[in-house]
Amino acid sequence: MQADGERRTTPDGHFVVIRGRKWRATDPAVPEDQAARLRSHLMAARRAVRAALADGDPDAERAARARVHTAKVALGERGTPWWDQSDEERRRRWRDGLSALDDA
């Protein structure tokens, strides 16, 4: 049995299973320094969603959720599956995501 919060990866490496739920894995080709920056943007955006909800600010919530989505796509966790993309498409995806988030 899987311990609460324990993380497993599917045999193909495409998904992680956490508490019985399957989630798309981060693209393993994203260089660690860039993945760390994307995760930092993701967590900041999630905190902004929480703050916007607490403030009752739908415009701020919408903007924060858009940043969450951009970070998740850049990490390969949303959008076209990373295993269906060429190496160049994968590089472009995370570079474009970082650029958009750094400029936000």
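This passage describes the strands and helices of a predicted model, beginning with the sheet and moving on to the packing of the helices.

The sheet is open and consists of three strands in the order S1-S2-S3, with antiparallel pairing. Strand S1 (7-9) and S3 stand at the edges, where each has a single partner strand, so that one side of each is left without a neighbour in the sheet. On average, and with direction ignored, neighbouring strands of this sheet are turned by 30° against each other.

The pairing of S1 with S2 is antiparallel and rests on three bridges, and within it Arg 8 stands opposite Val 17 in S2. These two strands form a hairpin with five residues between them, and in the turn Gly 13 has a positive phi of about 80°. Strand S2 (residues 15-18) pairs in turn with strand S3 (residues 21-24), again in the antiparallel sense, over four bridges. Along this second pairing, Phe 15 has Arg 24 as its bridge partner in S3, Val 17 stands opposite Lys 22, and Ile 18 stands opposite Arg 21. Val 17 thus faces Arg 8 in the pairing of S1 with S2 and Lys 22 in S3.

S2 and S3 likewise form a hairpin, here with two residues between them. Arg 19 is found in the loop that joins these strands, and its phi is near 50°, a positive value in a residue other than glycine. Such a value deserves mention because most residues other than glycine have a negative phi. With regard to solvent, Arg 19 counts as exposed, because its relative accessibility is 59% and the cut-off for that class is over 50%.

The helical part of the model begins with helix H1 (residues 32-55), which has 24 residues and reaches 34 Å from its first C-alpha to its last, close to the 34 Å expected at 1.5 Å a residue. The buried residues in H1 are Gln 34, Ala 35, Leu 38, Leu 42, Ala 45, Val 49 and Ala 52. An α-helix has 3.6 residues a turn, so residues three or four places apart point the same way. What covers the buried residues of H1 includes helix H2 (58-75) and helix H3 (87-103). Just after H1, Gly 56 takes a positive phi of about 65°.

The axes of H1 and H2 come within 8 Å and cross at roughly 155°; the two helices are therefore roughly antiparallel to each other, and H1 passes H2 in a left-handed crossing. On the H1 side, the residues that meet H2 include Ala 35, Leu 38, Leu 42, Ala 45, Val 49 and Ala 52, each of which is also among the buried residues of H1. On the H2 side, the residues in contact include Ala 60, Ala 64, Val 68, Ala 71 and Leu 75, together with charged residues, among them Glu 61, Arg 65 and Lys 72.

H1 also packs against H3, with axes that come within 10 Å and cross at roughly 45°, an angle that makes H1 oblique to H3. This crossing, too, is left-handed. Here Gln 34, Arg 37, Leu 38 and His 41 in H1 meet Trp 94, Gly 97, Leu 98, Leu 101 and Asp 102 in H3. Leu 38 accordingly appears in the contacts of H1 with H2 as well as in those with H3.

The remaining helix pair is that of H2 and H3, which pack at an angle of about 155° with their axes 7 Å apart, so that H2 is roughly antiparallel to H3. H2 passes H3 in a left-handed crossing. The residues of H2 that take part are Arg 67, Thr 70, Ala 71, Val 73, Ala 74 and Leu 75, and they meet Arg 93, Trp 94, Gly 97, Ala 100 and Leu 101 in H3. Trp 94, Gly 97 and Leu 101 of H3 are thus in contact with H2 and also with H1, while Arg 67, Ala 71, Ala 74 and Leu 75 of H2 meet H3 and are likewise listed in the contacts with H1.

Technical notes:
Residues numbered from 1 in each chain as written. Predicted model: local features only at pLDDT ≥ 70, side-chain atom pairs only at ≥ 80, totals over all residues. Heavy atoms only, no water. Pairing = 2+ DSSP bridges. Axes fitted to C-alpha atoms, helices over the stretch in contact; angles between N-to-C directions. Buried < 20%, exposed > 50% of the residue type's maximum accessible area, 1.4 Å probe, protein only. Expected span 1.5 Å × (residues − 1). Contact = heavy atoms within 4.5 Å. Parallel < 35°, antiparallel > 145°, perpendicular 65-115°, else oblique. Left-handed = near helix turned anticlockwise from the far one by under 90°.
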